[in-house]
Amino acid sequence: MTTSESPTAVGSGTAATDKFLQERVSADTPPERVSAIAKDVLEALAGVIDKHGITYPEYRVLKQWLIDIGQFGEWPLWLDVFLEHNVEEVAYRGQHGTKGSIEGPYYVADAKTLPAKCELPMRDNEVGSKLVFEGQVRDLDGKGLGGATVELWHADDEGYYSHFAPHIPDGNLRGTIVADDEGRFEITTIQPAPYQIPTDGPTGWFIEKAGWHPWRPAHLHLMVKAPGKRAITTQLYFKDGEWIENDVATATKPELILDPKPGADGTNRVTYDFVLDPA
């Protein structure tokens with residue numbers, strides 16, 4: 001059921017944290033590696049304190065901010081915006097297929113399964129320019145990967161995601177598309193809008209104090225999989241879109257830019273193929 005409530009940082013943050021807590025991931029990292037990483041982090045922080053002459057008032061403000069960001073449930077948001085792009089670069093180092101990008105905090109598993117040619121679930125009155133997004137999932141040799149899945153999710157025309165905004169029905173603008181026998185798909189959706197990450201909580205305070213902007217360019221999120229291939233999580237952006245050159249999450253890449261063109265019926269269409277590495 002939809003409501004007229006407006007999303008807030010605390011509401012969005014709590015939803016993201018609850019989702020993450022339900023997953024309860026484990027990395028099985030040995031103690032020696034934990035110790036080495038922890039020492040490097042602490043040494044780096046000590047270097048920052050020394051370099052900038054951090055004062056006790058600044059240190060106490062930091063402690064309060066760390067408490068606040070936990071209470072607001074914004075750790076998934078803050079980490080995904082400011083650190084995940086570094087982790088992603090390391091994770092896909094040496095990969096030859098499609099470039100990866102960050103997953104972000106708004107992924108929800110088990111999106112509705114849809115056929116190769118489909119329309120994403122959306123409201124009857126969904127606002128936004130219609131977009132037909134088509135392509136093929138292939139291996140490094142160019143062979144189509146039949147039965148590959150293309151999981152797609154994105155914000156609406158106002159920059160809000162289903163499951164994280166109370167006025168949007170769950171599952172809106174989300175789907176898991178099963179490609180045809182040649183790995184092809186054709187998805188009808190709407191073109192999302194650029195959006196600000198939530199600014200009414202500790203992440204917003206952090207950005208404001210630093211004098212930065214909170215904007216992300218319009219983008220599609222994708223998770224592409226096929227048997228025997230390495231799954232890819234990525235984002236696709238739109239040519240000449242706002243904030244492409246200055247994404248707050250530092251996640252854009254030139255290889256991930258779409259350039260939709262109007263078709264015969266006036267609907268914007270774009271083609272993008274995904275290439276998967278061996279597992």
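1. Let's start with the second largest pocket, which holds about 550 Å³ of space. Please keep in mind that this is a predicted model. The lining of this pocket is made up of V41, A44, L45, V48, I49, I54, P57, E58, Y59, V61, L62 and L66. Two elements, α2 (31-52) and α3, each give two or more residues to that lining. The top contributor is α3, with six residues. In character, the lining of the second largest pocket splits into 11 nonpolar residues, no polar ones and one charged.

2. Next, the enclosed space. A probe the size of a water molecule, rolled over the atoms, shows where empty space is left. The count here comes to one cavity of 30 Å³ or more. The largest cavity has about 70 Å³ of space. It is lined by 13 residues, of which V81, G104, P105, Y195 and R216 are the closest to its centre. Helix α4 supplies the largest share of this lining, three residues. By type, the lining of the largest cavity divides into eight nonpolar, three polar and two charged residues.

3. You may enjoy the aromatic residues. The model has 20 aromatic pairs. One of them is W65 with W75, an edge-to-face pair with 6.0 Å from centre to centre and 75° between the planes. This pair links distant parts of the chain, since W65 belongs to helix α3 and W75 to helix α4, 10 residues apart. How buried or exposed are the two partners, W65 and W75? W65 counts as buried because its relative accessibility is 14%, under the 20% cut-off. W75 has 30% relative accessibility, so it counts as partly exposed. Both belong to one aromatic cluster, together with W78, F82, F206 and W212.

4. Helix α6 deserves a look of its own. It spans residues 202-210, and P202, T203, G204 and I207 are its buried residues. Among the elements covering these buried positions are α3 (56-71) and α4 (75-82). Right after α6 comes G211, with a positive phi near 75°.

5. Now the sheet. Six strands make up an open sheet with mixed pairing, in the order β1-β5-β4-β9-β10-β11. At its edges are β1 (113-114) and β11 (257-258), each of which pairs on one side only.

6. Which strand of this sheet is largely enclosed by the rest of the structure? That is β5 (residues 174-178), because four of its five residues are buried. Its pairing with β1 is parallel, over two bridges, and L114 stands opposite I177 in β5. Strand β4 (residues 149-153) runs antiparallel to β5, and five bridges join the two. Here W153 is the residue opposite R174 in β5.

7. Further along the sheet, strand β9 (residues 219-225) meets strand β10 (residues 232-238). Six bridges connect β9 and β10 in the antiparallel sense. For a position to find on screen, try H219, which stands opposite Y237 in β10.

8. A few places to revisit in your viewer. Helix α3 gives six residues to the lining of the second largest pocket, and it also helps to cover the buried residues of α6. Helix α4 is part of that cover too, and it gives three residues to the lining of the largest cavity.

Terms used:
Residues numbered from 1 in each chain as written. Predicted model: local features only at pLDDT ≥ 70, side-chain atom pairs only at ≥ 80, totals over all residues. Heavy atoms only, no water. Buried < 20%, exposed > 50% of the residue type's maximum accessible area, 1.4 Å probe, protein only. Contact = heavy atoms within 4.5 Å. Pairing = 2+ DSSP bridges. 1 Å grid on protein atoms, 1.4 Å probe; cavity = no way out; pocket = protein on both sides within 12 Å on 5 of 7 lines; lining within 4 Å. Points joined across faces, edges and corners; volume = space filled by probe spheres on them. Nonpolar A, V, L, I, M, F, W, Y, C, P; charged D, E, K, R; others polar. Phe/Tyr/Trp six-rings, centres within 6.5 Å; stacked < 30°, edge-to-face > 60°.
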